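Welcome! Take a moment to look over the sequence and turn the model around before reading on. The report below walks through it one part at a time.

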Amino acid sequence: MKESDILATKDQLRFIEESSELLKKNEERSGKKLTASVITFGCQMNARDSEKLAGILVSAGFELLEDTEDADFVLYNTCTVRDNANQKLYGHLGEALFRKKKNPEMMVAVCGCLPQEPSAFEKLKKSYSFVDLIFGTHNLYAFPEYLNRLLSGERHIYEITDHSDSIVEDLPVLRKYPFKSGVNIMFGCNNFCTYCIVPHVRGRERSRESADILDEIRRLAGSGVREVMLLGQNVNSYGNGIEGEISFPELLKRVCDIDGIERVRFMTSHPKDLSEELIQTIKADTKICRHLHLPLQSGSTRVLKEMNRRYTKEQYMDLALHIKDEIPDIALTTDIMVGFPGETPADVDDTIDVINTVKYDNAFTFIYSKRMGTPAAVREDQVPPDLVKESFDRVLKCVQDTAREQSLRWQGQTLPALVEDVNESLEGYVTGRLSNNMIVHFPGPASLIGDIVPVKLEECRGFYYMGSR
Ligand code: 5AD
Ligand code: SF4
């Protein structure tokens with residue numbers, strides 16, 4: 001860690017202590033503990049950020065609630081990758097306003113990707129002026145300071161910057177699961193796919209130092225974590241820009257060597273950067289989960305070029321089939337976008353051809369959403385909604401048919417599952433996750449949570465299994 005980052009961490013820890021004093025005084029006055037709730041939208045990165053935000057709130061002395069209903073402080077950690085994420089937040093803010101009218105003491109905060117987008121930030125300030133605190137992705141680490149100002153009575157705290165100069169380590173974290181954890185290995189993205197707002201709201205790529213990552217994972221393992229997911233927008237370019245830093249495959253190997261870590265996952269891989277070294281590393285160590293998320297976006301070489309994806313249909317298919325050849329028990333999943341400007345039915349045929357050839361175990365299909373400030377948003381050849389709908393339905397049907405067929409290939413096998421939860425809807429059942437990321441429900445006691453147990457996959461129900469021990 002850089003000297004300046006160590007100092008920044010110390011400052012933030014001091015702010016947590018000061019907030020804790022303020023909360024204690026408040027509790028003495030009112031006779032009750034203040035409650036807080038963190039609502040998360042979007043990807044795994046945001047989920048991990050929310051664990052950090054929740055950790056700070058609890059360290060300061062808030063009681064954390066699942067629900068926003070009775071919370072004195074509500075924090076929305078937002079996403080803006082597609083417009084429906086923005087609309088979802090505005091819906092939630094409408095409800096928050098309703099509750100704030102009944103309880104004017106209630107505090108509302110918005111952070112994360114959405115306010116990094118200038119027009120969304122303006123809209124928040126103008127139309128949602130009851131929001132007391134807004135901060136972005138680059139200064140998430142300074143949340144203790146903002147919280148302190150809020151608890152001292154300051155309102156309309158707006159803190160957005162357009163870059164990060166530090167990576168602050170070692171602030172408190174409240175993990176959702178005691179036995180598994182996400183671990184950031186890098187932040188931001190340099191790829192600038194022409195539809196994507198992520199590089200604009202999360203900034204340029206910055207890798208954490210491997211020594212810090214490995215220390216964090218050793219500590220996690222020491223506290224009972226058995227599965228880690230290494231998180232980055234493009235993990236295959238890990239280490240770029242840090243002189244002498246190890247490669248991503250080497251980092252994976254070192255994580256696997258840590259005592260107590262039994263499973264390692266990672267997310268996300270850009271196909272253009274996926275190396276043979278990585279494939280051989282996964283193949284060689286079964287601690288590395290048999291799941292690879294390899295976003296396709298489109299199967300048309302022309303559309304891929306316009307998206308700035310930097311691979312062709314053929315290169316992608318060769319890579320995916322090679323991975324399946326080398327590691328036959330790997331599950332491949334993907335992201336596919338439909339309705340990118342200029343996309344024709346023939347382009348969609350190409351996408352369908354890739355799906356039929358690669359045969360994904362699962363695929364997330366998205367309708368293209370115009371994001372302000374990206375090159376694709378200003379193109380005049382936006383696809384009419386009825387054609388998008390028709391294409392989307394075609395792609396979705398193909399994905400579902402092939403994924404169903406793929407899921408069946410595990411039928412009858414006995415595979416290790418990490419038990420994550422009791423099953424809410426089936427009494428006496430627990431839910432586990434296989435190395436290939438599939439879910440299996442099977443009869444078992446809650447005491448199995450956190451254990452890795454062999455489960456026989458009895459019956460495939462589309463995207464999950466019913467199993468037995
Ligand atoms: N519209 C629709 N989907 C998008 N994604 C990223 N940007 C957009 C957009 N503007 C999808 C991509 C990416 C996933 C996380 O979100 O498929 O892989
Ligand atoms: Fe967006 Fe492309 Fe970066 Fe993924 S790789 S975050 S799609 S710009």
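## Domains along the chain

In this predicted model, the domain assignment of the protein chain begins with domain 1 at residues 3–159 and continues with domain 2 at 177–287. Domain 3 then covers 290–409, and domain 4 covers 411–468.

## Where domain 2 meets domain 4

Let's look at one pair of domains. The centres of domain 2 and domain 4, taken over C-alpha atoms, are 27 Å apart. Their contact draws on eight residues from domain 2 and 14 residues from domain 4. Between them, the two domains bury about 870 Å², and 48% of this area is on carbon and sulfur atoms. On the domain 2 side, Phe 179, Arg 263 and Arg 265 lose the most area to domain 4; together they account for 57% of what that side buries.

What kinds of polar links cross this interface? The rule finds two salt bridges between domain 2 and domain 4, and it also finds seven residue pairs in polar contact, with both residues at pLDDT 80 or more. As for residue classes, the side of domain 2 that touches domain 4 has six charged residues, two nonpolar ones and no polar ones. You can also look for the salt bridge between the side chains of Lys 180 and Glu 420, where the N to O distance is 2.8 Å.

## Around ligand 1

Next come the ligands. Which residues are found around ligand 1? They are Val 81, Arg 82, Tyr 195, Gln 297, Asp 335, Met 337, Phe 366, Ile 367, Tyr 368, Ser 369 and Arg 371.

Three of these residues are worth finding in the view. A nitrogen atom of ligand 1 lies 3.1 Å from a backbone N or O atom of Tyr 195. With Ser 369, a polar backbone atom is 2.8 Å from a nitrogen atom of the ligand. Asp 335 takes part through its side chain, with an N or O atom 2.7 Å from an oxygen atom of ligand 1. Taken alone, ligand 1 exposes 400 Å², and the protein buries 86% of that.

## Around ligand 2

Ligand 2 has its own set of surrounding residues: Cys 189, Asn 191, Phe 192, Cys 193, Tyr 195, Cys 196, Val 198, Pro 199, Gln 233, His 270 and Arg 309. By class, this shell divides into seven nonpolar residues, three polar ones and one charged one.

Tyr 195 is a good place to end the tour: this residue appears around ligand 1 and also around ligand 2.

Terms used:
Residues numbered from 1 in each chain as written. Chains lettered and ligands numbered in written order. Predicted model: local features only at pLDDT ≥ 70, side-chain atom pairs only at ≥ 80, totals over all residues. Heavy atoms only, no water. Near = heavy atom within 4 Å. Nonpolar A, V, L, I, M, F, W, Y, C, P; charged D, E, K, R; others polar. Domains from an automatic or database assignment. Contact = heavy atoms within 4.5 Å. Buried area = accessible area lost by both parts, 1.4 Å probe. Salt bridge = Lys/Arg side-chain N within 4 Å of Asp/Glu carboxyl O. Polar contact = N/O pair within 3.5 Å; in protein donor to acceptor, adjacent residues only side chain to side chain. Areas by Shrake-Rupley, 256 points an atom, 1.4 Å probe, with all protein chains shown as cover.
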